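Morning, everyone. I have one model to go through today, with charged pairs up front and helix packing after that. Let me put it on the screen.

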Amino acid sequence: MDTDQITQEIERIIEALDMGAKGCAKAMGISVQAFRNKKSQGSHRDKFNEKNLQDLIRYIKEVSSQLLVVSSQFLMTDH
């Protein structure tokens, strides 16, 4: 994947999940400013890379897995 494809995929994911800069930066393990620099279309120096995409996907999978555990526990208890 080239940097344009990586950027498009990251933008597609964060738009679908309505993630803000702070959440995206946390997911990618970068600062909010670094995320904003990478997201900026005018930045030629800072670009999203494959590690950023992998980190974002890994974070989403981890959070989703945690939510599934919590929701399944919630569903198994009597209310």
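Start with Glu9 and Arg12. They form a salt bridge, and the closest N and O atoms are 2.6 Å apart. Keep in mind that this is a predicted model. The same side chains also register as a polar contact, again at 2.6 Å.

Where does Arg12 sit? In helix H1, which covers residues 3–16. Glu9 is in helix H1 too, 3 residues away from Arg12, so about one helical turn separates the two.

Now, buried or exposed? Arg12 has a relative accessible area of 51%. The cut-off for exposed is over 50%, so Arg12 counts as exposed. Glu9 comes in at 21%. Buried would need a value under 20%, so Glu9 is classed as partly exposed.

One distance for orientation. Arg12 and Gln33 are 21 residues apart in sequence. In space, their C-alpha atoms are 20 Å apart.

How many salt bridges does the structure hold? There are 3. We have covered Glu9 with Arg12. Next, please look at helix H4, residues 50–76.

Asp55 is the residue to find there. Its side chain meets that of Lys51 in a salt bridge, 2.6 Å from N to O. Those two are 4 residues apart in helix H4, about one turn. Asp55 also forms a salt bridge with Arg58, with the closest N and O atoms at 2.8 Å. Here the spacing is 3 residues, again about one turn of helix H4.

Put together, Lys51, Asp55 and Arg58 are linked in a network of salt bridges. What about accessibility? Asp55 has a relative accessible area of 11%. That is under the 20% cut-off, so Asp55 is buried. Arg58, at 42% relative accessibility, counts as partly exposed.

On to the packing. Helix H2 is residues 21–28, and helix H3 is residues 32–39. Their axes lie 8 Å apart, at an angle of about 100 degrees. Angles of 65 to 115 degrees count as roughly perpendicular, so that is the label for H2 against H3.

Which residues make the contact? From H2, we have Ala21, Lys22, Cys24, Ala25 and Met28. From H3, we have Val32, Phe35 and Arg36. By class, that contact has 6 nonpolar residues, 2 charged and no polar ones.

That's my tour. Over to you for questions.

How values were computed: Residues numbered from 1 in each chain as written. Predicted model: local features only at pLDDT ≥ 70, side-chain atom pairs only at ≥ 80, totals over all residues. Heavy atoms only, no water. Buried < 20%, exposed > 50% of the residue type's maximum accessible area, 1.4 Å probe, protein only. Polar contact = N/O pair within 3.5 Å; in protein donor to acceptor, adjacent residues only side chain to side chain. Axes fitted to C-alpha atoms, helices over the stretch in contact; angles between N-to-C directions. Parallel < 35°, antiparallel > 145°, perpendicular 65-115°, else oblique. Contact = heavy atoms within 4.5 Å. Nonpolar A, V, L, I, M, F, W, Y, C, P; charged D, E, K, R; others polar. Salt bridge = Lys/Arg side-chain N within 4 Å of Asp/Glu carboxyl O.
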